[in-house]
Amino acid sequence: MTLKVYNTLTGEKEGFLPLRKDRVRMYVCGVTVYDDCHLGHARCYVAFDAIYRYLKYKGYRVKYVQNITDVDDKIITRAREEKDQGSRSLKALVREVAQRYTKEYFKWMDYLKVKRAALYPKATEHIGDMLKLIQRLLDEGYAYEVDGDVYFDISKFPSYGKLSGRSIDEMRAGARVEVDERKKNPLDFALWKRAKEGEPSWNSPWGEGRPGWHIECSAMSMKYLGESFDIHGGGEDLIFPHHENEIAQSESYSGKPFVKYWLHNGFVTTRGEKMSKSLGNIFTLKELFQEFPDPEITRLFLLSMHYRSPIDFTKEKLVEMEKHLSHFYNLLDFILQIVKGKLSKRRIDPESLSKEEKGLYQEIQKTDKEFDQAMDDDFNTARALASLDSLVKVANTLKDNPKVGRNKALLSKVYRLLKEKGEILGFFEGHCWKEMIRVPDREEIESLIAQRDRARQEKDWGLADRIRSDLKKRGIILEDHPEGTTWKKIKKSCPII
RNA sequence: GGCGGCGUACCCAAGUGGUUAAGGGAGCGGUCUGCAAAACCGUUAUUCAUCGGUUCGAUUCCGAUCGCCGCCUCCA
């Protein structure tokens, strides 16, 4: 089966063929560390996390790099706002703000089970690489200097606009930018900005200053992944101008195609409008986890839709996701308790199965195939998830049927498949029997359940119901089955808030 | 103004040029159960914004119209 990806550059789904066999080099634009993480960030990094995981699952060796923008206007603005309390310099505060929000970023992404990239290069640690790049662009006439600012001259890059599908003329006509008279073309963008009083700055051949935003991604991606690499991703708002500019700089610099596949994720909206600071409709991850502490609920919400579609956020949807997620867990819990925590390793001979068992066996094969087919189709996580639903359905239909319910080998196979596919999307990680066994009050819970069972046998419903409701208050939900009572624990709060 | 995307049941959301238009949530009816929980069964789009065109055949391709959204300014 071959993987197909939608490439913003060509506007088409293309067969995925990395530049080097079996190896994938992937860069995703990271965060500017100046404020709390919100759902929009989660959407982007969860989407690319699923992509990253799937590529590895397909057998590629993936080198994943994500930058951290730790110097820029917004960080400086933020530092200025915090300035009055202390006597520390603006420079020190900029550093502190950047460090604080970098830490926050990792905290939330880790909690969301986003796998770490191989490298997180920081802009401030790569100024030298950027200077080298800018110098060459100047030397070769792709850039020009005005009063300590350096601009890229887009007229020197004929294919400018190829990513966003616009022509320079169109853009000039519709430009809403204030025209800077010093620029040759209104669309020329800064490679280097002359320092302003008190702001962080570095020495350069054009005087004290700091890098423009776009140059850091060119410098760092090429440094760690080479002048041509496979995947470059980010939010769709970055298509223009950020990624367009990266292409112009990088290709002018190297003379080679910069990136083979450009991937962009759609936005999170609330009530149909883009989540943004100016509209004040942002949900931070902290707010979200306070109410919905299980990170998999948020992941399910984000991955229930295709990564390129816009996704509208409401709390009601998270409630739905919570229920949907519990369907998986109910089955996983059930299987685990039926096999008493020990999955069967016995090989299954399809010929020896009963008709019912065979039905489930075939469903397992089908799900295995369909999940991968969905993911191969431009990482269609929505469809992939739906394939798991149908396995759960068939397994549930048969689980109370003694002919199937007792087949531990078969149920173990269902469990393993769900875990294997779930892992690609970052699900069911909080659920392996070792972890369940480790619930600190497990023995006490199980002895209470045994006590309740005796009460039920004696038809002492009052006592039985009291035990059940006491446990419920502790977040333990009981389920009675013909084989006995199973239980599960509900996550009640987010441990890192 | 330019460029791009979207419009599928009560809600969310996949999808395909042609036998029954996935899946999830919700509702209703039922099964199971001491009760619950979980789960299962049945049911809720003769139809895919509207109008035309191409075609033997379109929800899927093309065009127009209406509505919504994004980018063109920092933004995941």
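# Exercises on a predicted model

Four strands, taken in the order β5-β6-β7-β8, build an open sheet whose pairing is antiparallel. The structure is a predicted model, and the exercises below start from this sheet.

## Exercise 1. The four-stranded sheet

Determine which strands form the edges of the sheet β5-β6-β7-β8, and describe what lies across the sheet.

*Solution.*
Step 1. The edges are β5 and β8 (209-211), since each of them pairs on one side only.
Step 2. Ignoring direction, neighbouring strands of the sheet are turned by 20° against each other on average.
Step 3. Inside the sheet, β6 and strand β7 (residues 189-194) run antiparallel and are joined by three bridges. Phe152 stands opposite Phe189 in β7.
Step 4. Helix α4 lies across β5, β6, β7 and β8, and runs at about 120° to β7.

## Exercise 2. Two helix pairs

Classify the crossing of α4 with α7 and that of α9 with α10, and state which kinds of residue make each contact.

*Solution.*
Step 1. Helix α4 (residues 127-139) packs against helix α7 (residues 239-254) at an angle of about 70°, and the axes are 10 Å apart. Because angles of 65 to 115 degrees count as roughly perpendicular, α4 is roughly perpendicular to α7.
Step 2. On the α4 side the contact is made by Lys132, Leu133, Arg136 and Leu137, and on the α7 side by Gln249, Ser252, Tyr253 and Ser254. These residues divide into three nonpolar, three polar and two charged.
Step 3. For helix α9 (residues 295-303) and helix α10 (residues 315-338), the axes come within 9 Å and cross at roughly 105°. This angle makes α9 roughly perpendicular to α10.
Step 4. Helix α9 contributes Glu296, Ile297, Leu300 and Phe301 to the contact, while α10 contributes Lys317, Leu318, Met321, Glu322, His324, Leu325 and Tyr329. The division here is seven nonpolar, one polar and three charged.

## Exercise 3. Two glycines

Decide for Gly161 and for Gly141 whether the residue is buried, partly exposed or exposed, and place each in the chain.

*Solution.*
Step 1. Gly161 lies in the loop between β6 (149-152) and α5 (168-174). Its relative accessibility is 3%, and the cut-off for a buried residue is under 20%; Gly161 therefore counts as buried.
Step 2. Leaving out residues up to four places away in sequence, Gly161 touches Arg166 and Glu244. The C-alpha atoms of Gly161 and Leu9 are separated by 10.0 Å, although these residues are 152 residues apart along the chain.
Step 3. Gly141 is placed in the loop between α4 and β5 (143-146). With 25% relative accessibility, Gly141 counts as partly exposed.
Step 4. From Gly141 to Arg23 the C-alpha to C-alpha distance is 35 Å, with a separation of 118 residues in sequence.

## Exercise 4. The nonpolar cores

Identify the residues with the most contacts inside the largest nonpolar core, and list the contacts of Met26.

*Solution.*
Step 1. The largest nonpolar core has 102 residues, and those with the most contacts inside it are Met26, Leu55, Phe379 and Leu418.
Step 2. Helix α1 (residues 39-57) supplies the largest share of this core, 12 residues.
Step 3. Apart from its neighbours within four places in sequence, Met26 is in contact with Phe48, Ile51, Tyr52, Leu55, Val62, Lys63, Tyr64, Val65, Leu225 and Ile231.
Step 4. A second, separate core has 41 residues, among them Ala123, Ile127, Ile134 and Ala248.

## Exercise 5. Further strand pairing

Describe the sheet β12-β11-β13 and the hairpin of β14 and β15.

*Solution.*
Step 1. Three strands form an open sheet in the order β12-β11-β13, with mixed pairing. Its edge strands are β12 (273-274) and β13 (311-313).
Step 2. Strand β11 (residues 268-270) runs antiparallel to β12, joined by two bridges; the bridge partner of Thr269 in β12 is Lys274.
Step 3. Strand β14 (residues 476-481) pairs with strand β15 (residues 484-489) in the antiparallel sense over six bridges. The two strands form a hairpin with two residues between them, and His481 has Gly484 as its bridge partner in β15.

## Exercise 6. The whole chain

Summarise the make-up of chain A.

*Solution.*
Step 1. Chain A has 17 helices and 15 strands.
Step 2. Of its 497 residues, 52% are buried.
Step 3. Among contacts in chain A between residues at least 6 apart in sequence, 75% join residues at least 24 apart.

Definitions and conventions. Residues are numbered from 1 along each chain as its sequence is written. Chains are lettered from A and ligands numbered from 1 in the order in which they are written. This is a predicted model: local features need pLDDT of at least 70, side-chain atom pairs count only at pLDDT 80 or more; totals for chains, interfaces and linings use all residues. Side-chain values use heavy atoms; hydrogens and water are left out. Two strands pair if DSSP finds at least two bridges between them. Axes are lines fitted to C-alpha atoms, for helices over the stretch in contact, and angles run from 0 to 180 degrees between N-to-C directions. Angles under 35 degrees count as roughly parallel, over 145 as roughly antiparallel, 65 to 115 as roughly perpendicular and the rest as oblique. Contact means heavy atoms within 4.5 Å. Ala, Val, Leu, Ile, Met, Phe, Trp, Tyr, Cys and Pro count as nonpolar, Asp, Glu, Lys and Arg as charged, and the others, Gly among them, as polar. A nonpolar core is a set of buried Ala, Val, Leu, Ile, Met, Phe, Trp, Tyr and Cys residues joined through side-chain atoms within 4.5 Å. Buried means under 20% relative accessible area, exposed over 50%, partly exposed in between (1.4 Å probe, protein chains only).
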